[in-house]
Amino acid sequence: MNKWLQDFNLWLRIYRLSIPLAKMLKNVYMVERRWDWMKLLWIGVDDTDSVNGGCTTYWAVTLMEELRERWHVGLPRLIRLNPTIPYKTRGNGAVAIPVWGDIDIEELADLCRKHLDNNCWLDDRNTNPGLVIVEEIHEKLRIFAKKALRDVMTYEEAMELIEDLDIQHYALRNGRGVVGALAAVGLDVRDPTYELLTYRHPSRFGTQREVDRNSVFKADEIAYPLVWDTVDRENDEVVFTPGSPDPVLFGIRGKSVFAIIRAFLIIRSEEIDKFQLFITNQSTDMHLIPEKEVDVLRDYRSYRLKGVVIEKPYTHIGGHVFFYLETRFGKVKCAAYEPTKQFRNVIRALHPGDEIVVYGSMKKRTVNLEKIEIIKLAKIVDYKNPVCWVCGKSMESAGKNQGFRCKRCKTSAESKIEVEIPRELSPGLYEVPPRARRHISMPLIRVKGKNIHPFR
Ligand code: ATP
């Protein structure tokens with residue numbers, strides 16, 4: 001397309017999007033200024049979708065459209081919870097929506113209940129929607145939320161808290177969704193990030209997504225590192241579109257709202273029906289439990305563990321790479337699975353004796369690696385024939401137990417010499433590429449300091 005036409009298209013998009021974008025920025029400003037004096041009510045929701053369709057963020061965005069007709073609605077939160085939970089559909093996300101104004105709680109609850117009854121994907125037995133309306137974020141709710149991020153909670157624990165704090169709630173099926181709904185409202189996020197989610201026109205749900213690949217790479221070139229995980233350059237892939245039949249077209253993640261908007265304006269795609277900015281705990285590593293906080297390691301939790309590599313890593317059928325780490329909890333199996341691609345080369349280059357810290361989730365007694373930090377590399381040595389100090393050539397064996405000699409120069413030496421083999425790795429942090437990154441894992445471009453080896 002010629003440049004003039006491209007510029008014209010860009011300005012046309014800016015003009016068309018200016019009002020919704022301005023409203024979005026007003027909401028960001030209000031969150032960042034912490035206008036807590038406004039009496040906010042929080043609606044928490046989770047588990048409205050199935051693998052066949054729907055998305056809890058979409059459910060929330062359509063509810064927000066109804067809410068806006070009566071009250072003020074702020075910037076919603078998209079909270080990622082324990083990533084190992086077996087009942088999750090995809091990324092274990094739950095949503096919380098702030099509402100304020102002259103609110104009649106019964107009217108609000110009624111509207112939310114109807115929206116839940118009419119807009120959930122109940123085709124799957126694994127969909128168990130839950131909704132809460134919270135008037136005050138109590139310390140007990142904050143503690144529950146932190147646990148839901150790092151631990152496995154039960155429906156009974158959620159209901160106990162709901163009764164204790166007298167929280168309005170509504171649930172369908174087995175009601176497990178209330179766990180995520182409570183956590184989405186209660187989680188204290190210290191270092192939040194943003195995600196701009198765009199949604200497809202309903203007529204296109206379930207069809208192939210059309211996003212112009214070149215424009216995504218261009219947006220990444222301009223907005224990176226304030227925006228991340230739109231593309232995986234080393235694997236030459238666009239990674240910000242889901243692969244499932246849900247309503248999301250793509251999501252742009254980052255720390256700067258302006259950089260996200262800039263990227264958004266550059267990306268060309270099929271028609272966008274709606275878009276919504278969320279404040280999130282994505283890319284924060286909030287799920288990781290430091291080892292000093294626990295006495296035993298359990299499945300379905302994520303850890304940061306220090307240890308020493310015991311044996312040389314090995315590659316298994318399917319390209320998965322495994323090794324064992326000696327930790328203060330004993331011998332722990334660690335894995336870099338095939339989708340982590342080049343990260344496996346880092347793992348393969350580890351050697352017994354290397355001191356490292358692993359970051360990842362434990363399932364079937366194996367840590368699924370998200371990152372590693374190499375603290376100290378072991379010295380690897382090889383033994384070679386000594387070198388003649390006259391001619392500089394390698395000496396030969398002089399016979400069993402008779403040392404080495406150089407026939408030509410008549411020089412000799414008693415034993416082989418120790419040679420240090422250079423290591424392919426250097427100390428520092430290494431991560432999986434964007435294609436294999438969990439929503440909640442912190443990309444290394446967000447980590448300050450030296451010796452960072454980010455994948456882009
Ligand atoms: P999507 O991202 O598309 O919304 P999802 O991956 O978030 O889907 P859900 O369908 O929401 O998955 O299912 C996750 C279920 O697990 C919810 O019912 C949620 O309440 C529950 N859950 C979340 N965290 C925990 C936890 N720590 N302990 C127990 N249950 C949890």
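## A helix and its neighbours

Let's start with helix α7: its buried residues pack against β8 (227–228), β9 (231–232), β10 (237–238) and α8 (257–266). The helix covers residues 213–223, and its buried residues are Ser215, Val216, Phe217, Ala219, Asp220 and Ala223.

Bear in mind while you look around that this is a predicted model.

## Stepping back

Now for the whole protein. Its secondary structure comes to 9 helices and 26 strands, and the C-alpha trace spans about 100 × 60 × 40 Å along its principal axes. Of the 456 residues, 50% are buried.

How do the contacts run along the sequence? If you take contacts between residues at least 6 apart in sequence, 71% of them join residues at least 24 apart.

On the outside, the accessible surface comes to about 22,700 Å², and carbon and sulfur atoms account for 50% of that. As for charge, you'll find 70 positive and 62 negative side chains, with the centres of the two sets 8 Å apart.

## A look at Ile252

Ile252 sits in strand β11, which runs through residues 248–254. Is Ile252 buried or exposed? Its relative accessible area is 0%, and buried means under 20%, so Ile252 counts as buried.

Who keeps Ile252 company? Setting aside neighbours within four places in sequence, Ile252 is in contact with Tyr194, Glu195, Leu196, Val227, Thr230, Phe240, Ile260, Ala263, Phe264 and Ile267. For a sense of distance, take Leu265: 13 residues separate it from Ile252 in sequence, and the two are 11 Å apart in space, C-alpha to C-alpha.

## Around the ligand

There's a ligand here too, and 23 residues surround it. The closest are Asp47, Asp49, Thr89, Arg90 and Gly93. Which helix gives the largest share of the shell around the ligand? That would be α6 (residues 177–186), with 3 residues.

Some atom pairs are worth finding on screen. A polar side-chain atom of Asp46 lies 2.7 Å from an oxygen atom of the ligand, while an N or O atom in the side chain of Thr56 is 3.3 Å from a ligand oxygen atom. With Ala148 the partner is in the backbone: one of its polar backbone atoms is 2.8 Å from a nitrogen atom of the ligand. And how much of the ligand does the protein cover? Taken alone the ligand exposes 640 Å², and the protein buries 98% of that.

Note on methods. Residues are numbered from 1 along each chain as its sequence is written. This is a predicted model: local features need pLDDT of at least 70, side-chain atom pairs count only at pLDDT 80 or more; totals for chains, interfaces and linings use all residues. Side-chain values use heavy atoms; hydrogens and water are left out. Helices (H or I, at least four residues) and strands (E, at least two) are DSSP runs, numbered from the N terminus. Buried means under 20% relative accessible area, exposed over 50%, partly exposed in between (1.4 Å probe, protein chains only). Contact means heavy atoms within 4.5 Å. Accessible areas come from the Shrake-Rupley method with a 1.4 Å probe; for residues, only the protein chains shown count as cover. Lys and Arg count as positive and Asp and Glu as negative; His and the chain ends are not counted. The place of a charge is taken as NZ of Lys, CZ of Arg, CG of Asp or CD of Glu. A residue is near a molecule or strand if one of its heavy atoms lies within 4 Å of it. A polar contact is a pair of N or O atoms within 3.5 Å; within protein, one must be able to donate a hydrogen and the other to accept it, and residues adjacent in sequence count only if both atoms are side-chain atoms.
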